[in-house]
Amino acid sequence: MKDHPDHLAAAWSDLVTTARRTVADGLVVGTSGNVSCRLKDLVLVTPSGVPYDRLGPGDLTAVDLAGTQIIGTLRPTSELPMHLAVYRSTTAAAVVHTHAPNATAVSTLVPELPPVHYMTAALGGPVRVAPYALYGSDELAAHMLDALRDRTGCLLQNHGTMTYGDSLDQALDRTAQLEWMCRVWLTAQSVPGHTPSLLSAGQLDAAAARLRGYGQRGRGRD
């Protein structure tokens with residue numbers, strides 16, 4: 001693949017900014033989590049074990065869809081198999097993986113996040129939990145793909161979250177929405193003597209239809 005150096009530099013800058021936002025928003029701690037974006041057949045991805053505040057323009061790391069490193073000397077994230085699985089199976093332009101605390105807690109309790117809010121529809125429906133597998137493994141990537149079927153986000157059991165989108169902003173927004181819904185469910189179900197009310201499939205379908213027309217034209221969802 002050939003791409004203009006300025007285009008790659010801009011994409012890398014956006015990716016690093018997004019990665020730093022995951023830390024600022026409390027979605028990851030230290031060097032946990034990872035972010036990637038796709039430019040044609042090239043995948044830019046955060047490197048393994050490097051704090052995001054230390055990443056600069058010269059640290060650009062990129063692989064092809066087979067996982068072969070094309071740009072950079074820093075080793076790509078250990079979760080590269082999950083990122084590549086998403087790009088090979090969807091039209092995703094960006095992927096965000098975090099260890100968000102509320103979402104990780106929910107992943108240890110249920111096989112699917114109960115639909116406590118209509119934003120469930122924004123992720124394609126009730127969010128599934130992918131069974132646990134060793135991080136960085138092909139087995140985990142396979143479990144994740146199954147959980148992502150007809151969805152744009154999932155939980156990873158005893159691990160965290162995985163979301164994707166048409167842009168880095170959209171993928172990160174979906175992660176934030178997922179973490180917020182997990183916090184709402186954990187809060188509601190913790191009240192003694194009460195059971196959270198859940199939305200029906202019909203209610204989620206209606207919300208999905210309304211969300212498709214939400215926001216300002218040409219500006220996405222606000």
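**Cysteines and nonpolar cores**

C182 counts as buried, with a relative accessibility of 0%. What I am showing is a predicted model, so please hear every value as computed from that model.

C154 is buried as well, its relative accessible area being 0%. So how many disulfides are there? With sulfur atoms required to lie within 2.5 Å of each other, the count is zero. C154 takes part in no disulfide, and the nearest cysteine sulfur to it, that of C182, is 11 Å away. Starting from C182, the closest cysteine sulfur is the one in C154, and 11 Å is too far for a bond. That is why C182 is not bonded to C154.

Now the cores. The largest nonpolar core contains 43 residues. Which of them have the most contacts inside it? Those are L44, V106, L113 and L155. Several elements each supply at least two residues of this core. The helices on that list are α1 (5-24), α3 (101-107), α5 (168-189) and α6 (201-211). The strands are β1 (34-39), β2 (42-45) and β5 (94-98). The element that gives the most to this core is α5, with eight residues.

Take L113 as one case. Leaving aside residues up to four places away in sequence, L113 touches V106, P126 and V127, and also L178, M181, C182 and W185. C182, the buried cysteine I opened with, is thus among the contacts of L113.

Apart from this largest core lies another core, of 22 residues. Its members include V63, A85, V86 and A133.

Note on methods
Residues are numbered from 1 along each chain as its sequence is written. This is a predicted model: local features need pLDDT of at least 70, side-chain atom pairs count only at pLDDT 80 or more; totals for chains, interfaces and linings use all residues. Side-chain values use heavy atoms; hydrogens and water are left out. Buried means under 20% relative accessible area, exposed over 50%, partly exposed in between (1.4 Å probe, protein chains only). A nonpolar core is a set of buried Ala, Val, Leu, Ile, Met, Phe, Trp, Tyr and Cys residues joined through side-chain atoms within 4.5 Å. Helices (H or I, at least four residues) and strands (E, at least two) are DSSP runs, numbered from the N terminus. Contact means heavy atoms within 4.5 Å.
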